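Here's a quick tour of one protein model, with an eye on its charged side chains and one spot on its surface. Have the 3D view open and follow along.

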Amino acid sequence: MVNQSKPTVAIFGGSFDPPHKGHQEIVRKAVEALEIDRLIVLPAYLNPFKRSSLASAEKRLEWCHKLFDGLPKVSVDDYEIRQGKSIRTSQSVKHFNTMYEVKYLIIGSDNLSTLTDWHEFEWLNKTVTWVIATRKNHPLNTEKLRSWKILEINFPVSSTTIREEIDLHYIDNRIKQSVQRTLHDNPKGKH
């Protein structure tokens with residue numbers, strides 16, 4: 001039997017609550033910078049470190065499809081949402097490793113301070129190369145990481161700020177009305 005190698009992928013998981021132009025820039029730069037066959041955008045059903053999200057899982061998935069479908073080498077996957085509960089990153093990496101070689105895990109630099117708290121961090125650290133998207137006011141403390149790359153992202157925005165300030169400046173026009181309706185129906189981001 002011929003040993004055929006699996007396609008190489010990067011996973012970009014997150015709440016995407018809502019997805020914004022910073023996320024779009026991360027996807028664009030990652031596809032450009034990484035030697036991968038595919039980038040998987042993986043919206044979480046619920047971030048294991050959060051109690052709730054503003055938008056439903058289905059709405060966040062719909063937004064991601066509108067923004068990322070059709071981009072070369074990019075696909076949106078509903079694996080975590082289909083589970084109907086909070087899924088740990090290590091479980092998702094193991095799932096996708098059955099079909100692909102998960103080479104990269106894309107995270108924001110704001111995750112670095114809690115990364116060692118992630119379930120099976122040591123295993124993840126041995127398994128993947130971390131791709132760290134820079135975020136203003138979040139230091140690049142990489143001393144615990146085995147292997148990493150930096151993606152310079154210069155968008156001064158976060159989903160939290162968008163929810164709290166109802167500022168849609170960094171929301172793509174394709175989903176702006178839907179995000180605005182969701183924010184209006186859930187004042188101050190309370191779910």
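**Charged pairs and a greasy-side-chain patch**

At 31% relative accessibility, E120 counts as partly exposed. Keep in mind that this is a predicted model. E120 is a good place to start, since its side chain meets that of K94 in a salt bridge, at 2.9 Å from N to O. In total, the structure holds 10 salt bridges, and a few of them are picked out below.

**A bridge between distant parts of the chain**

- E120 and K94 link distant parts of the chain, with their positions 26 residues apart in the numbering.
- E120 sits in the loop between β4 (101–108) and α5 (121–127), while K94 belongs to helix α4 (residues 89–97).
- K94 has a relative accessible area of 35%, so it is partly exposed, as the range for that label runs from 20% to 50%.

**A bridge in helix α1**

- The side chains of K29 and E25 also meet in a salt bridge, this time at 3.9 Å from N to O.
- Where do K29 and E25 sit relative to each other in helix α1? They are 4 residues apart in this helix (residues 21–33), so about one helical turn separates them.
- Is E25 buried or exposed? E25 is buried, because its relative accessible area of 16% falls under the 20% cut-off.
- K29, on the other hand, is partly exposed, with a relative accessible area of 22%.
- This pair isn't on its own: salt bridges with shared partners join E25, R28, K29 and E32 into one network.

**A bridge in helix α2**

- K66 and E62 pair up through their side chains in a salt bridge of 3.7 Å, N to O.
- Both residues lie in helix α2 (residues 57–68), and their spacing of 4 residues is about one turn of the helix.
- K66 counts as partly exposed at 41% relative accessibility, and E62 gets that label too, at 33%.

**A nonpolar patch on the surface**

- Which residues form the nonpolar patch on the surface? They are L140, W148 and I150, and together they have about 250 Å² of accessible area.
- W148 can be found in strand β6 (residues 148–151).
- With a relative accessible area of 37%, W148 is partly exposed.

Technical notes:
Residues numbered from 1 in each chain as written. Predicted model: local features only at pLDDT ≥ 70, side-chain atom pairs only at ≥ 80, totals over all residues. Heavy atoms only, no water. Salt bridge = Lys/Arg side-chain N within 4 Å of Asp/Glu carboxyl O. Helix = DSSP H or I, 4+ residues; strand = E, 2+ residues; numbered from the N terminus. Buried < 20%, exposed > 50% of the residue type's maximum accessible area, 1.4 Å probe, protein only. Patch = residues over 30% accessible without salt bridge, like charges linked within 9 Å, V, L, I, M, F, W, Y side chains within 5 Å. Areas by Shrake-Rupley, 256 points an atom, 1.4 Å probe, with all protein chains shown as cover.
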